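Reader: Hello! I am new to this structure and would love a close look at a single part of it. Could you pick a place where helices pack together and walk me through what surrounds it?

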Amino acid sequence: MTKKQALQLFEQRKVRTVWDDQEEKWYFSVVDVVSVLTDSPNPRNYWKVLKHRLIKEGNETVTNCNQLKLQAEDGKMRLTDVADTEQIFRIIQSIPSPKAEPFKQWMAQVASQRIDQMQDPELSIDQAIIDYKRLGYSDAWINQRIKSIEVRKELTDEWKRTGVQEGLEYASLTDIITREWSGFTTKQYKHFKGLKKENLRDNMTNLEIALNILAEASATELSKQRDPHGFRQQTQVAKDGGSVAKAARNQLESKLGRSIISSAKASDYLLPEDSQEGS
């Protein structure tokens, strides 16, 4: 069973979701849904009270809620109550909110889009472009980011082929590649940019993304050529892939006379909302 996490946007509010490819269904973070519907300053407490009441009433929807590890605001993976679309619909019925019906429609749209995207993967890319444009990213940046997603997918497919385990081993290899060309682990890089729960790649500049693409694409090609087996052998491949981008970085910086590793994050260079509306 493979579960893929994703952030969905409802009226610019983030809702953590997980796609289960075996069951072919979405799971939604209940706390995030409660936060959107109630605007409560403490949605966790709101859900705790509501959950207790529903359990006392014998509500099977709550009893059957799953828990999955989702990324919390501090960046750590924590067990979180999640519910599928049908369960969320039933929970919504217990929350008085004017957003209930729009949210149900949004959830139905999310589910429909995923089915369409499974049949036509290009739709996933189209949706990503739309989302990035809505957030204010430039066309040049979006093109780089979409390419980075493609390159990353090819790399993780290669890791899977050679026996690397998803999760900790993927994260460790990513750290090796990132540290080799940037001088930072992923966590250090995020700290340097002042990020918490935000995605690092979504906060890279064009040059940073370009070097990351070069590093990961190099690691992929080296792996295909050397055919390593398992995590231990892949660590040297990851280091060598990162070193290719490091050499390119050093050469460019020698010409520029400055570092291209930037502390800037997306909010520092995205278009303000009023300029987006007027464009």
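Author: What follows is a walk through one helix pair, then through some charged pairs and two unusual loop residues.

Please keep in mind that this is a predicted model. To set the scene, the protein has 13 helices and five strands. Of its 279 residues, 42% count as buried. If you take the contacts with a sequence separation of 6 or more, residues 24 or more positions apart account for 56% of them.

Now to the helix pair. Two packed helices are described by the angle between their axes and the distance between the axes. Here the partners are helix 8, which covers residues 168-182, and helix 11, which covers residues 230-256. Their axes are 7 Å apart and form an angle of about 30 degrees. Angles under 35 degrees count as roughly parallel, and helix 8 and helix 11 are therefore described as roughly parallel to each other. The crossing of these two helices is right-handed.

Which residues make the contact? On the helix 8 side you can look for Glu 169, Ser 172, Leu 173, Ile 176, Ile 177, Glu 180, Trp 181 and Ser 182. On the helix 11 side they meet Phe 231, Gln 234, Thr 235, Ala 238, Lys 239, Gly 242, Ser 243, Ala 245, Lys 246 and Arg 249. Sorted by kind, the residues of this contact divide into seven nonpolar, six polar and five charged.

One of these residues is a good place to pause. Trp 181 sits in helix 8, and with a relative accessibility of 0% this residue counts as buried. Leaving aside residues up to four places away in sequence, Trp 181 touches Gly 242, Ala 245, Lys 246 and Arg 249, among others. Those four also appear on the helix 11 side of the helix contact. The list of residues that Trp 181 touches includes Tyr 189, Met 204, Glu 208, Leu 211, Asn 212, Ala 215 and Ile 261 as well. Of these, Glu 208, Leu 211, Asn 212 and Ala 215 fall within helix 10, residues 206-226. For a sense of how the chain comes back on itself here, try Trp 181 and Gly 241: they are 60 residues apart in sequence, yet their C-alpha atoms are 8.8 Å apart in space.

Helix 10 leads us to the charged pairs. Side chains of opposite charge can pair when their charged atoms come close. A search of the whole structure finds 21 salt bridges, and three of them make a nice short tour.

Start with Glu 216 and Arg 201, which form a salt bridge with their closest N and O atoms 2.9 Å apart. Glu 216 belongs to helix 10, while Arg 201 lies in the loop between helix 9 (186-192) and helix 10, so the pair ties together parts that are 15 residues apart in sequence. Glu 216 counts as buried at 2% relative accessibility, and Arg 201 counts as buried at 15%.

Next comes a pair within one helix. Glu 158 forms a salt bridge with Arg 161, and the closest N and O atoms are 2.7 Å apart. Both residues are in helix 7 (residues 139-161), and being three residues apart they are separated by about one helical turn. Glu 158 is buried, at 5% relative accessibility, whereas Arg 161 is partly exposed, at 48%.

The third pair is Asp 39 with Arg 13, whose side chains meet in a salt bridge of 2.9 Å, N to O. Asp 39 is in the loop between helix 1 (30-38) and helix 2 (43-56) and Arg 13 is in strand 2 (residues 13-20), so this pair ties together parts that are 26 residues apart in sequence. Both are partly exposed: Asp 39 has a relative accessible area of 45%, and Arg 13 has one of 28%. Lys 99 joins in too, as Arg 13, Asp 39 and Lys 99 are linked in a network of salt bridges.

Asp 39 has one more feature to show you. Although it is not a glycine, Asp 39 has a positive phi of about 55 degrees. Asp 227 is another such residue, with a positive phi of about 50 degrees although it is not a glycine. You will find Asp 227 in the loop between helix 10 and helix 11, where it counts as partly exposed at 33% relative accessibility. That loop brings us back to helix 11, one of the two helices in the pair where we began.

Conventions
Residues are numbered from 1 along each chain as its sequence is written. This is a predicted model: local features need pLDDT of at least 70, side-chain atom pairs count only at pLDDT 80 or more; totals for chains, interfaces and linings use all residues. Side-chain values use heavy atoms; hydrogens and water are left out. Axes are lines fitted to C-alpha atoms, for helices over the stretch in contact, and angles run from 0 to 180 degrees between N-to-C directions. Angles under 35 degrees count as roughly parallel, over 145 as roughly antiparallel, 65 to 115 as roughly perpendicular and the rest as oblique. A crossing is left-handed if the near helix is turned anticlockwise from the far one by less than a right angle, and right-handed if clockwise. Contact means heavy atoms within 4.5 Å. Ala, Val, Leu, Ile, Met, Phe, Trp, Tyr, Cys and Pro count as nonpolar, Asp, Glu, Lys and Arg as charged, and the others, Gly among them, as polar. A salt bridge is a side-chain nitrogen of Lys or Arg within 4 Å of a carboxyl oxygen of Asp or Glu. Buried means under 20% relative accessible area, exposed over 50%, partly exposed in between (1.4 Å probe, protein chains only).
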